[in-house]
Amino acid sequence: MTGEKTTAEKGLGGSSSEGSFFRLTDAHQAQKNLFHRHQCCLVDRDPDQAMRLLREYRAMLLRHMRDEEEILLPIYERGVIQAGGKPEYFVQEHRKLLDFLDRIKDAMGALAEAEGPDWYQSLFEVLDLETTFKNIGEHHEAREEQFLFPGLDLLLEGEERAEVLARCESLKRESLKGESLKGESLKGES
Ligand SMILES: [Fe+2]
Ligand SMILES: [Fe+2]
């Protein structure tokens, strides 16, 4: 056995992610928690709060995606890229998730107008879209855990690794502050 640490020894996932890019799974969990709160408001018939939380969720997701695309992917591209981990896949999935959020927002508009039995039909339409959205998100996170985070763990060492991790940590803290993005439209961002 050589002195070189394996990816697992550097800390893959879970509580042993200190010093590893797997600590970004905390951000994924925070996003899931916020989306869950949004869904609770939907079924509790609180459309205003459900929409507010959806906007907050989108803003959090968008910041996370920008951090990945502007900071992490350019570094990841320096390494050996495996077939399932092409950088464009991550970006395409980000766009797909954002497009899906716009469809959900439109379906919520229909829900806000619906009454009586139509309300239930509209609610199920929103929830069906959200189930598909969550499945796409799970698939995307699995790709990041399979390729992006271990790729960065293997690629970065020493000072550069510490710097990039610290930058991610500081951006994550900012994102988790839940800054309100008043007046921000669900559409029209890139
Ligand atoms: Fe991502
Ligand atoms: Fe991510």
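In this predicted model, the elements of the protein chain follow the order α-α-α-α-α-α from the N terminus. The chain thus comprises 6 helices and 0 strands. Of its 190 residues, 21% are buried. Among contacts between residues at least 6 apart in sequence, 69% join residues at least 24 apart.

Helix α3 covers residues 47–76, which is 30 residues. At 1.5 Å a residue, a span of 44 Å is expected for α3, and the 40 Å between its end C-alpha atoms agrees with this. The helix is kinked by about 35°, with the kink centred on E69. Buried positions in α3 are A50, L53, L54, R55, Y57, R58, M60, L61, H64, E68, L72 and Y76.

The packing of two helices is described by the angle between their axes and the distance between the axes. For α3 and helix α4 (residues 87–113), the angle is about 170° and the axes are 11 Å apart. Because angles over 145 degrees count as roughly antiparallel, α3 is roughly antiparallel to α4. On the α3 side, the contact is made by P47, A50, M51, L54, R58, L61, M65, E68, E69, L73 and Y76. The α4 side contributes P87, F90, V91, H94, L97, L101, I104, K105, M108, L111 and A112. By class, the residues of this contact comprise 17 nonpolar, 1 polar and 4 charged. E69, the centre of the kink in α3, is one of the residues in contact with α4. A50, L54, R58, L61, E68 and Y76 are among the buried residues of α3 and also take part in the contact with α4.

Key:
Residues numbered from 1 in each chain as written. Chains lettered and ligands numbered in written order. Predicted model: local features only at pLDDT ≥ 70, side-chain atom pairs only at ≥ 80, totals over all residues. Helix = DSSP H or I, 4+ residues; strand = E, 2+ residues; numbered from the N terminus. Expected span 1.5 Å × (residues − 1). Bend = angle between axes of the 7 residues up to and from the residue. Buried ≥ 20, exposed ≤ 12 C-beta atoms within 10 Å, placed from the backbone. Contact = placed C-beta atoms within 7 Å. Axes fitted to C-alpha atoms, helices over the stretch in contact; angles between N-to-C directions. Parallel < 35°, antiparallel > 145°, perpendicular 65-115°, else oblique. Nonpolar A, V, L, I, M, F, W, Y, C, P; charged D, E, K, R; others polar.
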